[in-house]
Amino acid sequence: MALHRKVEALLSQKPDIAVVSECARPDILAERGVTDLEACSVLWMGENPHKGLGIFAFNDFTVSRVQPFYPTLRFVLPARIEGPRTFNLLAVWAQNASAGITRKHQSGPLRRALTKYKTFIGSGPTVIGGDWNSNAIWDKPGWRINHMSKVNLLEGMGLYSAYHAFHEEEHGCETIPTHYWRDRRIDGPTYHIDYVFAPLPWLRNTKEFEIGTFDDWIGNGLSDHVPLIIDF
């Protein structure tokens with residue numbers, strides 16, 4: 001939330017592509033005096049103009065929406081990134097329990113998106129990243145929304161989690177959290193619920209992978225999440 005107060009922190013990372021959850025629509029940001037994003041290419045989806053999912057492309061990159069697009073999948077945004085490296089991007093801010101996914105047979109938005117956008121994902125190099133709001137620790141036998149059901153589907157498509165590839169940890173055993181829930185304290189409830197999945201050849205040639213620190217992003221009140229930063 002309140003990206004208009006946090007643009008400097010975003011730009012300090014010098015991103016080419018940024019996936020930002022809970023951000024206001026571009027025209028709302030402009031009304032609030034944000035001028036640093038005017039030169040970038042932006043794609044946004046949401047129902048609340050103050051709280052949606054945005055993709056911001058900087059430098060020589062541009063972002064455009066692909067078709068077909070299924071806006072009822074809250075919130076999964078398929079995009080084509082063009083520039084020095086052209087690829088597909090599926091940006092994610094998955095609404096699970098908050099969207100009423102409370103029954104065993106319900107797939108959840110991201111699981112459904114992996115079916116709806118299967119052709120898109122298979123049409124070229126694809127990166128899937130954002131806030132999944134899921135982890136293997138919450139999986140229940142037979143539930144379609146299970147985290148590992150999505151992981152297994154993606155690995156079958158040749159896409160793997162950057163964090164787990166670099167840290168050699170199993171899903172559900174992550175030692176570095178991405179979400180400092182509720183109290184936003186370093187000793188409070190913490191979870192690993194944000195992910196970047198990419199093709200294995202990309203991961204093998206990654207220059208850098210980093211998870212933001214508590215002090216830089218949580219302790220100073222910027223967010224309750226830290227960013228995942230990956231340089232292919």
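## The sheet

Let's start with the sheet: 6 strands make up an open sheet, arranged in the order β4-β5-β6-β7-β11-β8, with mixed pairing. Its edges are β4 (62-65) and β8 (159-161), each of which pairs on one side only. From one strand to the next, the twist averages 25°. Please keep in mind that you are looking at a predicted model.

If sheets are new to you, it helps to know that their strands pair through backbone hydrogen bonds, either parallel or antiparallel. Here, β4 and strand β5 (residues 76-82) show the antiparallel sense, joined over 4 bridges. To find this pairing in the structure, look for Arg65, which stands opposite Ala79 in β5.

## A helix on the sheet

Which strands does helix α3 touch? This helix, made of residues 109-116, packs on the sheet and touches β5, β6 (87-93) and β7 (126-131). The direction of α3 makes about 50° with that of β5.

## The nonpolar cores

The largest nonpolar core contains 52 residues. Ile55, Tyr117 and Ile128 have the most contacts inside this core. Among the elements, β6 gives the most to it, with 6 residues.

Ile55 is a good place to zoom in. Leaving aside neighbours within four places in sequence, the contacts of Ile55 include Ile17, Ala18, Val42 and Leu43. Ile55 is also in contact with Val63, Leu77, Ala79, Ile81, Leu89 and Ala91, among others. You have already met Ala79 as the residue opposite Arg65.

There is also a second, separate core of 15 residues, and Ala24, Ile28, Cys40 and Trp44 are among them.

Definitions and conventions: Residues numbered from 1 in each chain as written. Predicted model: local features only at pLDDT ≥ 70, side-chain atom pairs only at ≥ 80, totals over all residues. Heavy atoms only, no water. Pairing = 2+ DSSP bridges. Helix = DSSP H or I, 4+ residues; strand = E, 2+ residues; numbered from the N terminus. Axes fitted to C-alpha atoms, helices over the stretch in contact; angles between N-to-C directions. Contact = heavy atoms within 4.5 Å. Core = buried A, V, L, I, M, F, W, Y, C linked by side-chain atoms within 4.5 Å. Buried < 20%, exposed > 50% of the residue type's maximum accessible area, 1.4 Å probe, protein only.
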